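Hello,

Here is the structure I promised to pass on to you. Please have it open while you read, and my notes on what was found follow below.

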Amino acid sequence: MSNVIDQLAGLGTDGELPAPDDIVRGDLLRGRAAQRRRHFRRGVTGLGATAAVAVAAVAFTAGQPSQGPASTGLDLVAYTGTQLPGFTVGKVPEGFVLQGSNSYSLDVARPDDKTPLDSYEGKLVVSLQSKDQGVIPDGKAVEVNGRPGTITKVDPTAAQLYYSDGSDNKIVIQAATKLGLTDEELVEFATSVTVTAKAQAGAG
């Protein structure tokens, strides 16, 4: 546009007749229109680049696998070792053993766990409900072998699963929180538990 104005100014200094006003206005309008088109093309190009980046980001995100819950690091595996009096199990956390049992409970622990059977930290413990067990605390409703059960977490250091095996046996399985077992894994373990005739319910 500046070239057009300079040329018009030059015509005036050479003594030639100035261009009619309508011609000057037309030149100015055409120059401004051209400038607007250049700005528009630059804006479209910028938008196109931004859109391309956005599409690429969406495509990259969509292609990533969804992240599920973090793994506990423990998998339940079939137990094929010697069973102990009171309770039998078909599964244990991988790397765990039956530490010991008495008439009232079965402890499932790591091989290097040397704590006594009445110490439940870091273990899975199977027992019958106490004879004087009151009302079961409120918790999450689950099913164990098609029968209703309840997982309670009143104690922050352990979860407890209460359920019946369909007979007179009312079972409690306690899982130390530090094991990291999910509710589903706790139920899966419970489905493999069988109460034998030597199991007794404690009191108190």
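A residue is called buried here when its relative accessible area is under 20%, exposed when over 50%, and partly exposed in between. With that in hand, α3 is a good place to begin: D183, E185, L186, V187, F189 and A190 are buried in this helix. That makes 6 of its 8 residues, so α3 is largely enclosed by the rest of the structure. Please keep in mind throughout that this is a predicted model.

**The chain as a whole**

The protein chain has 204 residues, and 29% of them count as buried. Its secondary structure comes to 3 helices and 11 strands. Read from the N terminus, the order of elements is α-α-β-β-β-β-β-β-β-β-β-β-α-β. If you take the contacts between residues at least 6 apart in sequence, 44% of them join residues at least 24 apart. The accessible surface is about 13000 Å², and carbon and sulfur atoms account for 56% of that.

**The core**

Which residues have the most contacts inside the largest nonpolar core? They are L124, L161, I173 and F189, in a core of 32 residues. Two or more residues of this core come from each of β5 (105–109), β6, β7 (140–144), β9, β10 and α3.

F189 is worth a look on your screen, as one of the buried residues of α3. Leaving out residues up to four places away in sequence, F189 touches L76, V89, K91, V108, L124, V126 and I173. Two of the names in that list, L124 and I173, also appear among the core residues with the most contacts.

**The pockets**

The largest pocket has a volume of about 340 Å³. Its lining is made up of 19 residues, and Y104, S105, Y120, S127 and L128 lie nearest the centre. At least two lining residues come from each of β6 (124–128), β9 (158–164) and β10 (170–176). The largest share, 3 residues, is supplied by β6. By class, this lining has 8 nonpolar, 10 polar and 1 charged residues.

The second largest pocket holds about 150 Å³ of space. There are 13 residues in its lining, with K153, A159, A175, T177 and L181 nearest its centre. The elements giving two or more residues to this lining are β9, β10 and α3 (183–190). Here the classes come to 7 nonpolar, 3 polar and 3 charged.

**Some places in the loops**

Is T80 buried or exposed? T80 has 77% relative accessibility, so it counts as exposed. You will find T80 in the loop between β1 (76–78) and β2 (87–88). T80 is 11 residues from K91 in sequence, and their C-alpha atoms are 8.4 Å apart in space. K91 has come up before, as one of the residues that F189 touches.

N145 sits in the loop between β7 and β8 (147–152). Although N145 is not a glycine, its phi is positive, at about 55°. Its relative accessibility is 48%, so N145 counts as partly exposed.

The loop between β9 and β10 contains D165. With 25% relative accessibility, D165 counts as partly exposed. Not counting residues up to four places away in sequence, D165 touches R147, I171 and V195. Its C-alpha atom is also 8.1 Å from that of V144, 21 residues away in sequence.

Lastly, S103 is placed in the loop between β4 (97–101) and β5. S103 counts as partly exposed because its relative accessibility is 31%. Setting aside neighbours within four places in sequence, S103 is in contact with K198, A199 and Q200. The C-alpha atoms of S103 and G202 are 8.7 Å apart, while the two residues lie 99 residues apart along the chain.

If you would like a short route through the model, go from F189 in α3, which is buried, to the largest pocket with Y104 and S105 among the residues nearest its centre, and then to S103 in the loop between β4 and β5.

Enjoy looking around, and do write back with any questions.

Best wishes

Terms used: Residues are numbered from 1 along each chain as its sequence is written. This is a predicted model: local features need pLDDT of at least 70, side-chain atom pairs count only at pLDDT 80 or more; totals for chains, interfaces and linings use all residues. Side-chain values use heavy atoms; hydrogens and water are left out. On a 1 Å grid over the protein atoms alone, a cavity is a set of points where a 1.4 Å probe fits but cannot get out, and a pocket is an open set with protein on both sides within 12 Å along at least five of seven lines; lining residues have an atom within 4 Å of a point. Grid points are joined across faces, edges and corners, and a volume is the space filled by probe spheres set on the points. Helices (H or I, at least four residues) and strands (E, at least two) are DSSP runs, numbered from the N terminus. Ala, Val, Leu, Ile, Met, Phe, Trp, Tyr, Cys and Pro count as nonpolar, Asp, Glu, Lys and Arg as charged, and the others, Gly among them, as polar. A nonpolar core is a set of buried Ala, Val, Leu, Ile, Met, Phe, Trp, Tyr and Cys residues joined through side-chain atoms within 4.5 Å. Buried means under 20% relative accessible area, exposed over 50%, partly exposed in between (1.4 Å probe, protein chains only). Contact means heavy atoms within 4.5 Å. Accessible areas come from the Shrake-Rupley method with a 1.4 Å probe; for residues, only the protein chains shown count as cover.
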